[in-house]
Amino acid sequence: MVFIEKFHKFLEKYKIAIIVFWIVILGVGVWLGPRFLDETSSNFEAPEDSPSAIADSILAEEFPKYMNQTSAVIILRMKNENESIINSQTEGFCSDIVDDIYDSEFDEYIVSILNYYILVDANLSSYASALVSTEERSMIVNIEFEYEEEGNTLGSFIEFLRKEIEELHTSEEFVVYLTGFYVMYIDMQEATAEDLTKMDMIVLPIALVVLAFVLRSLKLMIIPIASMGISILTSFLIMYPLALVWDIFSFVPSIMMSLVIALSIDYSLFLLTRYREEIMKNKSVSESVLLMSKNAGHTITVSGIILIVCYSGLIFFPLELLSTIGLGAAITITITLAVNLTFTPAILMTFSKFFKKFSLYKKLTKKKQGDTSDIKKIEIESQLKSIWYKIGKFSTKYAPFLIVGIVIIAIPVSIQVFKFQRSIDFLQILPRGSDSDLAYTAFKEDFSPGQMLPFHLIIKTNQTNGIQNTEFFSNSIAILEKLATETAVDAESFTSIVSLAGIYIPFVYARKFLNNTYPEYYTSEGAMYREIFNLNTNSDNSTTSININTPFDPWGDDAEGWVKETRTILEEVNEEYGYELYLAAGSAFMIDAIDAVYELFPIMIVVTIAVVYIVIALMFRSVFIPLRLIITIGLTLSWIYGLSILVFETTAFHGMFPALQRVTSIYWLVPIMAFTILIGLGLDYDIFLLSRISEYRDKGFTEKASIHKGLYKTGNVISFAGIIMAIAFSGLLLSKEMVLNQFGFMLCIAVLIDTFIIRTILVPAIMALAEKWNWWPKKVPEPTKTEMDFE
C-alpha cells in the first residue's frame, strides 16, 4: 500500500506527461499497428530433434528444390454429378488459363503445370487419368510454383490466378475452385480481418452499451473506449516488428483483440465503479483515485500479473504457434494493464471536474444533503433490498446443500473430460465457406486427399549412385509393399522411381527408361519416368524421395495413427536393409509438435497452480483461500471442458447447429489456449470478491456479515463484468474458423458459469463453512460488527 501511495503521487505529479505519452503511442500505433495484420503467417516448425524435424532437415539438405516450391490447385467440378468433366468447355478453360499463366510476369517462377489435357496430348493417358476423379465429375490443374523468400511474389501470383479464374470461367455447367496451402493461408488471413471487423462493428458496441448501463455515466464511458483503442493499437504496434522476425500465426490478432475488449472493459468496470463509489461518499477526486488504485487497482494488478506469467509460459513451448499466441497475449495483457493503471488515473485527475459531475452522483448528492442523518439507514435499506445480499444470505444459510448440489450437477458433465479426443483436422482452422474450404472439401470427396499435401518417405543409402541398382529397387519395393499391407495406404499411394500409378517398377525396366541405348528411352513413358527420377533423386543419386499420397486426409484425424505406425515399420526395415529412412512433410511435424505440447501441458498446469497458490497466499496471507480458489477454478475448468466435449464431440447439437456436423473432436490447440485465460478470468472475479470480503473482515465484521456485504458490494459489478466478458468473447463465435468457435464457446460459457454459479453461490457457501479458517494463519480482528452495522 505504501508503494501504491507513492505511485499515486507520481501519477498526480506527471499526469499530463502520462496522457501525452499514451497519445503519442496511439498516434504511432494508428500508423504502424495495422501493418501487423499483413505480417502474420501460417507456418510453424516441429520441435528440434523430433523425428519430423530431422526428416525435414534431410529433405531440405538432399532436395533443396522442394524448399521454395509450393503448389496451387485449380479444381473444376461439374454441377451435375452425372455429367463428365471431360468436355470442350473445360478443355478450353484449361488451355486458356495455362496460356495466360505462361504469358504473364510470373512465367519465370513456374516449375510445371499439369492437367488432363496436357498429359493426353503427350500420349500419357494412363497418367492423365490420375487428374480426373473416378466418376469423372472433377478434374484438377496442378501448378508447381517457385517463390522468393523475400517479397510477396506468391501472394501476387495467387491474386493473379483468382482474377484469371473469374474472367475465364463463364460456363454455368461447372464450378471452379482454387486451393493449395498458401491459398488456405490467405483465406485465413482474410477471415482474421473479417473477425476483427465483426468485433469492432457488432460485439464491441454491445459490450460498451452494457458497460454504460452499469456505470450510468456517458462521461466515464470515454475512458474505457480510449483505453481499448490505446491498448489494441499499442499491442499491434509492438507485435509488428516481432512479426517481421518470427512467424506469428494468423489468428493471433483475433485472440489479442478479444483479450483487449474483455480485459479493458473488465478493468475499467472494476476501477470506475470503485471511483464512482468513493466520489458518492463526497471524497475528493485525488482521494477517490487513490482508493480506487489501492483496492480495484490492486485486484486487477494481481490478476493481470498471474495472467501474464501464465501466458508467458506458452512462449517456452517448442512450437511457434503456441509460443506466438503466448507472446501476443502476454504483450496484450501487459499493455492493457499498464494503460488502465496509468492512463485511467491520470485522465481522471487531469479532468477532475468533468469526470466528477455525472448524473447519478448529482441525484445521490442532493438526496444525502437533504437528509444527512439517514445516510446509514439508506445504505442498510439498499443492502437489504439487494438481490446479491439475498443470494449471499441464501448461500451461507444452505451452504452444505448448495455445495453438494453443485458438485452433483457438475460431475456428469465433468467426467466427459476423460473422453477427450484431440484433433488436427485442417478443416477446423479453414474459414467455413471460403474458396479454399469449398475446394478442399470437394478435393477430398473426389480425389485421394493426400495428393494435395503428400508425405515424403526418404530412403538414404549414403553411397554415390547407391539407388541405381537391382538390390536397392528390390528392397525399396519390399518396403512399400510392407507399408501397403500393414497400414492404411495402398500401392497407388506411392509416386517414386520404384512405383508409379499403382505399378512397382523393377530396376530392369527403370534402366531402359534412363539409358538412351534402349528404345524405351525415347517413348513418352520414358520421358515421364526421367522427369519423376530427376525430381525424386538427389544430386549424387544416393538418396530418393517417395511421395505418399494417402487415401485419407493427411491433415485429418486418421493421419496421427498412420504416422506412428509407419515410423514403427521404418525402424524395423531400417535394421533389416541398413538404409536411413525418414518420414517427412505432410502432417508429421504437426503430430510431433502436438505430442511435445501435450507432454508439457501437465507441467504447465502444475506450474500455474503453484504460481496462483503462492501469489494468492501472499496477497491474503492465508493457506486456505488459495487452496479453495484452485479447487473452484478446477471445477469450472472440468465443467467447461466436459461441456465442450458434449457439444463438439457428440451429435447431440448437430440439428441445432449444422456447422457442428463437420466436427467430431476438439481442435488440439483449444484446451491449451483456454486453460490460461480461464484461470485468469476465475482469478479476476474471485480476487475482486475476496478483496471486499477481506476488507470488511479487517474492519471487524463477522464472517457471514463480511461475505454478505462483500457480495452486496461486488455482486452487481462481477455479474455485469461476466456478461460483458461473455459478449466480448462471443465475437469468436461469429468467426468462420471452427477453432475460434470452440475457443469462444469455452470462454463464454466459462465466464457465465463462473460469474453466476461459482463466485456468486459456491464461493460464499465454502467460505461460510470454513469460517475462521478462511484467514489462517493471518490474524484478523475479533468480530464486533454485524451486517446491520454501517461501514
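Trainee: Let's start with a charged pair in this predicted model. How far apart, N to O, are the side chains of R628 and D686 in their salt bridge?

Mentor: Side chains of opposite charge can pair when their charged atoms come close. Here the side chains of R628 and D686 meet in a salt bridge, and the N to O distance is 2.6 Å.

Trainee: Which helices does that pair tie together?

Mentor: Find each partner along the chain. The two parts are 58 residues apart in sequence, so the pair ties together separate stretches. R628 sits in residues 624-648 and D686 in residues 669-698, which makes the helices α24 and α25.

Trainee: Are R628 and D686 buried or exposed?

Mentor: Check the relative accessible area against the cut-off: buried means under 20%. R628 has 2%, and D686 has 0%. Both values fall under the cut-off, so R628 is buried and D686 is buried.

Trainee: Which residues are joined into one network by salt bridges that share partners?

Mentor: Look for charged residues whose salt bridges have partners in common. Following those shared partners links R274, E277, E278, K283, R692, E695, K699 and K713.

Trainee: How many salt bridges does the structure hold?

Mentor: The R628 and D686 pair is one salt bridge. For the structure, the count is 28.

Trainee: How many residues apart in sequence are the parts that E787 and K393 tie together?

Mentor: E787 forms a salt bridge with K393, with the closest N and O atoms 3.1 Å apart. E787 lies in the segment after α27, while K393 belongs to helix α16 (residues 387-397), so the pair ties together parts whose separation in sequence is 394 residues.

Trainee: Which of those two partners is buried, and which is partly exposed?

Mentor: Under 20% counts as buried, over 50% as exposed, and partly exposed is in between. E787 has 13% relative accessibility, so the buried partner is E787. K393 has 36%, so the partly exposed partner is K393.

Trainee: What separates E486 and K482 along their helix?

Mentor: These two side chains also meet in a salt bridge, at 2.9 Å from N to O. Both residues belong to helix α19 (residues 470-486). Because they are four residues apart there, the separation is about one helical turn.

Trainee: Moving on to S52, which residue's side chain does it join through a polar contact of 2.6 Å?

Mentor: S52 is part of helix α3 (residues 51-62), and its relative accessible area is 0%, so it counts as buried. Leaving out residues up to four places away in sequence, it touches A46, R567, L583, A588, F589 and D592. The one whose side chain makes the 2.6 Å polar contact is D592.

Trainee: Which helix gives the most residues to the largest nonpolar core?

Mentor: That core has 257 residues, and those touching the most other members are I74, L76, F251, L457, I616, W668 and F729. The biggest contribution is 18 residues, from residues 738-770, and that is helix α27.

Trainee: How many residues make up the second, separate core?

Mentor: Its members include L59, Y66, I458 and A584. Counted in full, this separate core has eight residues.

Trainee: About how much accessible area does the surface patch with I16, V20, V24, V28 and W31 have together?

Mentor: One member, V24, lies in helix α2 (residues 15-32). The five named residues form a nonpolar patch on the surface, and their combined accessible area is about 470 Å².

Trainee: Which loop holds E136?

Mentor: E136 has a positive phi of about 60° although it is not a glycine. With 33% relative accessibility, it counts as partly exposed. Its place is the loop between α6 (125-128) and β3 (138-146).

Trainee: Is N541 buried or exposed?

Mentor: N541 also has a positive phi, near 55°, in a residue other than glycine. It lies in the loop between α21 (524-535) and β10 (543-548). Its relative accessibility is 14%, so N541 is buried.

Trainee: Which two residues does a cis peptide bond join?

Mentor: Omega for this bond is about 10°. One partner, P777, is in the segment after α27. The cis bond joins W776 and P777.

Definitions and conventions. Residues are numbered from 1 along each chain as its sequence is written. This is a predicted model: local features need pLDDT of at least 70, side-chain atom pairs count only at pLDDT 80 or more; totals for chains, interfaces and linings use all residues. Side-chain values use heavy atoms; hydrogens and water are left out. A nonpolar core is a set of buried Ala, Val, Leu, Ile, Met, Phe, Trp, Tyr and Cys residues joined through side-chain atoms within 4.5 Å. Buried means under 20% relative accessible area, exposed over 50%, partly exposed in between (1.4 Å probe, protein chains only). Patches are made of residues with over 30% relative accessible area and no salt bridge: like charges are joined within 9 Å, nonpolar side chains (Val, Leu, Ile, Met, Phe, Trp, Tyr) within 5 Å. Accessible areas come from the Shrake-Rupley method with a 1.4 Å probe; for residues, only the protein chains shown count as cover. A salt bridge is a side-chain nitrogen of Lys or Arg within 4 Å of a carboxyl oxygen of Asp or Glu. A polar contact is a pair of N or O atoms within 3.5 Å; within protein, one must be able to donate a hydrogen and the other to accept it, and residues adjacent in sequence count only if both atoms are side-chain atoms. Contact means heavy atoms within 4.5 Å.
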